[in-house]
Amino acid sequence: QVGLAESGGGSVQPGGSLTLSCGASESIFNFNAMAWSRQAPGNQREFVASINVGGREIYADSVKGRFTISRDAAVNTVYLQMDNLTPEDTAIYYCSAQILGRSYWGQGTQVTVSS
């Protein structure tokens with residue numbers, strides 16, 4: 001069973017920044033890809049960003065140029081650097097890992113952007 005644990009959420013003012021972390025219970029290179037998704041109240045979960053084993057990054061249009069996904073294999077961790085945050089970014093952010101056609105999810109971390 002793959003374990004994923006998100007951290008780094010919190011409250012920030014519009015225009016601020018946060019960095020989310022997702023620690024995995026095993027080497028992140030065991031996974032085909034790792035991703036961040038988010039779910040705002042009343043909305044469906046939506047894709048935010050992903051990075052595959054080869055390092056290719058993909059972003060949702062709504063976060064391009066503001067969010068950056070990265071990884072540190074030495075500590076089995078994937079990050080999501082979020083800059084220029086807006087109230088529309090308020091959501092629970094989830095980390096996921098994909099391997100052998102299955103997806104594993106963390107418990108999520110809350111991000112609130114308000115003045």
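By the grid criterion, the predicted model contains 1 cavity of 30 Å³ or more, a cavity being a set of points on a 1 Å grid over the protein atoms alone where a 1.4 Å probe fits but cannot get out. The volume of the largest cavity, taken as the space filled by probe spheres set on the points, is about 50 Å³. Its lining (residues with an atom within 4 Å of a point) consists of I28, F29, F31, N32, A33, M34, I51, N52, V53, R71 and V78. Two or more of the lining residues come from each of β4 and β5, strands being DSSP runs (E) of at least two residues, numbered from the N terminus. The lining comprises 8 nonpolar, 2 polar and 1 charged residues.

This is a predicted model, in which local features need pLDDT of at least 70 and side-chain atom pairs count only at pLDDT 80 or more, while totals for chains, interfaces and linings use all residues. Residues are numbered from 1 along each chain, and side-chain values use heavy atoms, without hydrogens and water.

The largest nonpolar core (buried Ala, Val, Leu, Ile, Met, Phe, Trp, Tyr and Cys residues joined through side-chain atoms within 4.5 Å; buried means under 20% relative accessible area with a 1.4 Å probe, protein chains only) has 32 residues. Those with the most contacts inside this core are L4, M34, W36, L80, M82 and Y93. The largest share, 5 residues, comes from β9.

An open sheet of 4 strands has the order β1-β3-β8-β7 with antiparallel pairing, where pairing requires at least two DSSP bridges. β1 (4-7) and β7 each have a single partner strand, so one side of each lacks a neighbour in the sheet. β1 and β3 are joined by 4 bridges, and A5 stands opposite G23 in β3.

How values were computed: Buried means under 20% relative accessible area, exposed over 50%, partly exposed in between (1.4 Å probe, protein chains only). On a 1 Å grid over the protein atoms alone, a cavity is a set of points where a 1.4 Å probe fits but cannot get out, and a pocket is an open set with protein on both sides within 12 Å along at least five of seven lines; lining residues have an atom within 4 Å of a point. Ala, Val, Leu, Ile, Met, Phe, Trp, Tyr, Cys and Pro count as nonpolar, Asp, Glu, Lys and Arg as charged, and the others, Gly among them, as polar.
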